[in-house]
Amino acid sequence: MKKELPKIDEHNFPIIYKHLSYFIKDEVAKAGLKSVVLGLSGGVDSTVACYIAANALGKDSVTALLMPYENSSKASLEDALKTVGLLGISHYVIDITKQINEYFGNKKNSAGKDEIRVRKGNKMARERMAVLYDYSYKLKSLVLGTSNKSELLLGYGTIYGDMASALNPIGDIYKTQIYQLAKHLGVPESIIQKPPSADLWAGQSDETELGFTYEAADSIMYLLIDKIYKPEVVVSLGYDENLVNRIYDKIKKSQYKRRMPLIAKISERTINIDFRYLRDWS
Amino acid sequence: MHAINILLAQINPHIGDLRKNIEKHLRLIKKAKKEGAGLVIFPELSLTGYFLKDSVYDMGVNIDSEEASIFKPLYKASLDLNVSVIAGFVEKDENYNFYNSSFCISKGKIINVHRKVYLPTYGMFEELRYFKPGGGFSIFDMAGVKASILTCEDVWHLSSSYIAVNKGAHIIIVNSASPARGIMTGLNKFTSIKMWEELLSVIAFYYRSYVIYVNRVGYEDGIGFSGGSCIFSPSGEMERGMNYLEEGTMKVGINLDLLNNERFKTPLIRDENLNLTLKEIEGILNKDKEIIK
């Protein structure tokens, strides 16, 4: 039993909710600010982050940016607007179609269809990041991250795109647990029920692209990461060897996305190597 | 009845800001006086914050030097208000070693300093990178009650409380900076809190002592400290506990008549065979020596 990914249930939900809310409140105050801004896609992750932020700071201190592209899911935009309405927070709709299309132009690209799709997707994620950081300055608000632990570990995100933020309340919570958290927060069913998607192109699905379900991956990652079991030990517990290795490989290969850029050490004291202070230092 | 009142100060220290923290301590010392407590206990490193990293270097104070004058307002408050104070700070010795220390100030003077012995250096912790381990556990007289301070990880080594109690401690004061971590299906608190509460209960029961736990709250780079400061009676029960994750204070009473009662009914400390323990430990150490040879 202890080897199973813990569930967020009615027993532990209150303290988790309190903890994540206080985290936002405390860290925002330490930055000398009062509010946050986040990208709200209408998916479960950003919705959960938004609910927690509204609880932590009050509805007047949370701003949601809805940043659709021309082929973004209309249903998701509706869901995002629903969350904005339910929480009573302020929001802006900023269509990013123009700048993305302007950059890529209409000329035929020699690259394959898949490659241009990924490049476009990355560009959208970074465009949204750039808009968020502009609003961060404009609204004197910290950018709230909305990446969950599963996608951070698998590297299923765009570096300096959706992975960029000042604070992330849900980065240590697996996707499977995000759904449980969403239920206890009272997130609308339409948001909980839809299949997970980065929505970077029409019909995109996380689980199709990854080739496995979050549920399968999360139970394995819980053992590999949280419990520090070696892959062979996880396999010995009855998990599929091929899947365990694939997941472990993805985690290793995406480590660069989770770290600051490497700096060539040349002086006696180098940033992030032996110049060691908390970010909360000041 | 032999009783004393103690105020537990579950605070969120300002990271790396000695002056702000001293002000915070002074406010709570006044509060202790107001509420009729003769002692106020603050968490581990309450005057500096916990994950100091390289700022350990800036926080160190040699209490036998001019540097210690920064603490004068605390000494003065303890004298003027007749409230003793246990607080945590970064201590620097004459050879420039740093310690994770806690002092007890009473009537304007430092009457005890505990240097944390067991410095966790695994997982998220890196204390041994910066601090030198303390050399032992001492007991001191707190308004007629014999007390010993154990800091956080010290308590996770059962030998620490064994030593303190057999040296004569009636109250074990545990000051800590314990991060909230671990969730479990069906459990309404963090698993780290569960481990702590079980451990403290065992120590109180089997060492027939009062155990007072003062843990901090607040966040440092995303790591949240769990709070939940509490008092366990010598019967092993949690008499009262504070909220998790929230700043606050709680006044608790120590009644030595109850300790007397528990130690009479179950005289585990009286029956402890220190000679046997000594012999066995010598055996263990000698065997190690033989292996080394």
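1. Let's start with chain B of this predicted model. Its secondary structure adds up to nine helices and 14 strands. The radius of gyration is 19 Å, close to the 19 Å that the globule rule gives for 293 residues, so chain B is as compact as a globular protein of that length. Its C-alpha atoms fit a box of roughly 55 × 50 × 45 Å along the principal axes. As for burial, 46% of the 293 residues of chain B count as buried. Take the contacts in chain B between residues at least 6 apart in sequence: 68% of them join residues at least 24 apart.

2. Chain A has 12 helices and four strands. Here the radius of gyration is 19 Å, close to the 19 Å from the globule rule for 282 residues, so chain A is as compact as a globular protein of that length. The C-alpha box for chain A is roughly 55 × 50 × 50 Å along the principal axes. Of the 282 residues of chain A, 37% are buried. Among contacts in chain A between residues at least 6 apart in sequence, 72% link residues at least 24 apart.

3. Now for where the chains meet. Chain A puts 20 residues into the contact and chain B puts in 23 residues. On the side of chain A that touches chain B, you'll find nine nonpolar, three polar and eight charged residues.

4. Next, the largest nonpolar core, which has 144 residues. The residues with the most contacts inside this core are A:Ala53, B:Val40, B:Ile41 and B:Ile212. Helix 2 (residues 44-57) of chain A is the top contributor to the core, with 10 residues. Which residues does A:Ala53 touch, leaving out those up to four places away in sequence? They are A:Ile24, A:Val36, A:Leu38, A:Val62 and A:Leu144.

5. Strand 9 (residues 210-215) of chain B deserves a look. Six of its six residues are buried, so strand 9 of chain B is largely enclosed by the rest of the structure. In a regular strand, side chains alternate between the two faces of the sheet. In strand 9 of chain B, B:Tyr210, B:Ile212 and B:Val214 point one way, while B:Val211, B:Tyr213 and B:Asn215 point the other way, and all are buried. B:Ile212 also turns up among the residues with the most contacts inside the largest nonpolar core.

6. What about the partners of that strand? Strand 8 (residues 171-176) of chain B pairs with strand 9 of chain B in the parallel sense, over six bridges. Within strand 9 of chain B, B:Asn215 sits opposite B:Ser176. Add helix 7 (residues 191-206) of chain B, and strands 8 and 9 of chain B complete a right-handed β-α-β unit with it. Strand 12 (residues 230-232) of chain B runs antiparallel to strand 9 of chain B, and three bridges join them. There, B:Phe232 in strand 12 of chain B is the bridge partner of B:Val211.

7. Last, back to chain A and its helix 10 (residues 214-226). The buried residues in helix 10 of chain A are A:Tyr214, A:Ala217, A:Asp218, A:Ile220, A:Met221, A:Tyr222 and A:Leu223. An α-helix has 3.6 residues a turn, so residues three or four places apart point the same way. Which helices of chain A do the buried residues of helix 10 pack against? They pack against helix 6 (149-154), helix 7 (175-185), helix 9 (206-210), helix 11 (231-236) and helix 12 (241-253) of chain A. After helix 10 of chain A comes A:Ile228, with a positive phi near 55°.

Conventions
Residues are numbered from 1 along each chain as its sequence is written. Chains are lettered from A and ligands numbered from 1 in the order in which they are written. This is a predicted model: local features need pLDDT of at least 70, side-chain atom pairs count only at pLDDT 80 or more; totals for chains, interfaces and linings use all residues. Helices (H or I, at least four residues) and strands (E, at least two) are DSSP runs, numbered from the N terminus. The radius of gyration is taken over C-alpha atoms; the globule rule is 2.2 Å times the number of residues to the power 0.38. A residue is buried if 20 or more other C-beta atoms lie within 10 Å of its own, exposed if 12 or fewer, and partly exposed in between; C-beta atoms are placed from the backbone. Two residues are in contact if their C-beta atoms, placed from the backbone, lie within 7 Å. Ala, Val, Leu, Ile, Met, Phe, Trp, Tyr, Cys and Pro count as nonpolar, Asp, Glu, Lys and Arg as charged, and the others, Gly among them, as polar. A nonpolar core is a set of buried Ala, Val, Leu, Ile, Met, Phe, Trp, Tyr and Cys residues joined through C-beta atoms within 7 Å. Two strands pair if DSSP finds at least two bridges between them. A crossover is right-handed if, with the strands pointing away from the viewer, the path from the first strand over the helix to the second runs clockwise.
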